[in-house]
Amino acid sequence: MSEPQPEDGTTHAQVPENVPPIDDWSRLLEGKVALVTGGGDGIGGAISRLFAQHGAVVEIAELDRERADAAVADIVSNGGRARAHLVDVRRPEDVERLRSAVLSDHGAIDVLVNNVGDYRPIVRFHDSGLESWTEMYEINFLHAVMVTHAFLNPMIDNGGGSIVNVHSVEGQRGYPGEPVYGAMKAALAHFTTCLAAGYGRKGIRVNGIGPDLTQTPQVDYLTGYESSQHLWESWAPVGRLGWPEDQARVALFLASDLSSFVTGHNIPVDGGTKTGGGWFFSPTARRFVNRPRDL
């Protein structure tokens with residue numbers, strides 16, 4: 001009995017015309033313009049560098065001039081193209097300045113990575129107040145809404161594009177350390193889902209990644225834990241610490257045509273910690289811990 005064929009007349013061995021072809025797997029973003037917020041270091045820096053390696057012109061939005069310049073210099077020295085913008089994406093006037101600068105040169109962007117975020121200030125909820133909640137809101141959610149809004153219409157007018165929101169696995173599970181932080185990350189994850197549902201027919205794909213256990217300048221899993229490295233096998237299902245490059249590779253997949261039929265998803269890039277539980281209460285430390293150390 002023969003296998004049924006698609007109604008559009010193609011065979012299963014053919015690629016329909018509306019599926020974007022992959023011409024060069026080593027240059028997945030060739031000719032694309034990508035904006036990466038917080039793109040100077042850590043996860044954002046790894047994304048900027050990998051996107052440039054795959055042919056993208058990378059526009060880096062950074063709060064720190066030294067980080068921004070170092071990233072651009074590294075990309076350019078390796079044959080890539082990048083430019084830095086010294087902005088605070090929590091501030092509407094800075095977002096507007098960023099929008100004007102990028103659109104004046106390119107007219108639109110093809111990829112937006114909302115990467116900025118921070119778990120600080122660490123203030124336990126019972127000791128926190130409006131100032132702490134506002135900071136958590138601005139740096140973990142508001143900026144992504146503002147930057148997305150600033151570039152969405154030009155992206156639509158340009159035929160579509162991909163938005164990747166970097167939030168946290170803490171937005172996808174219970175986070176005992178700081179419920180407001182966890183709530184803001186969950187808000188960004190759901191913003192991702194809702195945006196994808198509303199703008200897919202306009203050519204916009206929106207996906208998110210939820211990092212955990214990833215070594216960055218912001219979150220140090222090495223210093224002070226040198227004697228506990230042998231415990232990673234018992235703490236992370238994949239058995240090792242994560243690195244910014246692990247996050248960047250997933251961001252590249254979501255930004256490129258490799259994921260042309262993927263939208264509205266939030267992918268934990270966590271070495272399996274969400275699946276495996278993630279947080280453990282230490283009777284010795286009398287607090288929740290999520291990194292290798294004897295309980």
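Let me begin with a definition: a crossing of two helices is right-handed if the near helix is turned clockwise from the far one by less than a right angle, and left-handed if it is turned anticlockwise. Keep that in mind, everyone, and please remember that what we have here is a predicted model.

Now for our first pair of helices, α3 and α4. Which hand does their crossing have? The crossing of α3 and α4 is right-handed. The two helices pack with an angle of about 30° between them, and their axes lie 9 Å apart. Angles under 35 degrees count as roughly parallel, so α3 is roughly parallel to α4.

Let's see who meets whom. On the α3 side we have P92, V95, L98, R99, V102 and L103, and they meet M146, V147, A150, F151 and P154 of α4. Sorted by class, the residues of this contact are 10 nonpolar, no polar and 1 charged.

Just ahead of α3, take a look at R91. This residue sits in the loop between β3, residues 81–86, and α3. With a relative accessible area of 29%, R91 is partly exposed. Setting aside residues up to four places away in sequence, R91 touches E138 and M146. R91 and M146 are 55 residues apart along the sequence, yet their C-alpha atoms are 8.8 Å apart in space.

Let's move to the second pair, α1 and α7. Helix α1 covers residues 42–53 and helix α7 covers residues 244–255. How are they arranged? They pack at an angle of about 50°, with 8 Å between their axes, and α1 and α7 are therefore oblique to each other. Their crossing is right-handed.

From α1, the residues G42, I43, A46, I47, L50 and F51 take part, and they meet P244, E245, Q247, A248, R249, A251, L252 and A255 of α7. This contact has 10 nonpolar, 2 polar and 2 charged residues.

Next, the inside of the protein. Here is a general point for the newcomers: in soluble globular proteins, nonpolar side chains tend to be buried together. How many residues does the largest nonpolar core have in this model? It has 36, and the ones with the most contacts inside it are L35, V89, L98, I109, F151 and I163. You may recognise two of those names: L98 and F151 also appear where α3 meets α4.

Several elements each supply at least two residues of this core: β1 (33–37), α3 (92–106), α4 (130–157), α5 (179–199) and β6 (204–211). The largest share, 12 residues, comes from α4.

Let's pick out I163. Leaving aside neighbours within four places in sequence, I163 is in contact with L112, N114, T148, L152, M155, L195, I204, R205, V206 and N207. There is also a second, separate core of 29 residues, with I47, A52, A56 and V164 among them. I47 is one of the α1 residues that meet α7.

Now a few single residues to find on the screen. G161 is in strand β5, residues 161–166. Is G161 buried or exposed? Its relative accessible area is 17%, and buried means under 20%, so G161 counts as buried. Not counting residues up to four places away in sequence, G161 touches D110, M155, G203, I204 and R205.

Y181 is in helix α5. Y181 is also buried, with a relative accessible area of 10%. Beyond residues up to four places away in sequence, Y181 touches D118, Y119, M136, N140, S168, E170 and Y175.

Two loop residues to finish. S256 is in the loop between α7 and β7, residues 266–269. S256 has a relative accessible area of 1% and is buried. Apart from residues up to four places away in sequence, S256 touches L28, L29 and R205. R205 has come up before, among the contacts of I163 and of G161.

The other is L213, in the loop between β6 and α6, residues 232–235. What is its phi? Phi of L213 is near 50°, which is a positive value in a residue other than glycine. L213 is buried, with a relative accessible area of 3%.

Thanks for listening, and do find these residues for yourselves!

Terms used: Residues numbered from 1 in each chain as written. Predicted model: local features only at pLDDT ≥ 70, side-chain atom pairs only at ≥ 80, totals over all residues. Heavy atoms only, no water. Axes fitted to C-alpha atoms, helices over the stretch in contact; angles between N-to-C directions. Helix = DSSP H or I, 4+ residues; strand = E, 2+ residues; numbered from the N terminus. Parallel < 35°, antiparallel > 145°, perpendicular 65-115°, else oblique. Contact = heavy atoms within 4.5 Å. Nonpolar A, V, L, I, M, F, W, Y, C, P; charged D, E, K, R; others polar. Core = buried A, V, L, I, M, F, W, Y, C linked by side-chain atoms within 4.5 Å. Buried < 20%, exposed > 50% of the residue type's maximum accessible area, 1.4 Å probe, protein only.
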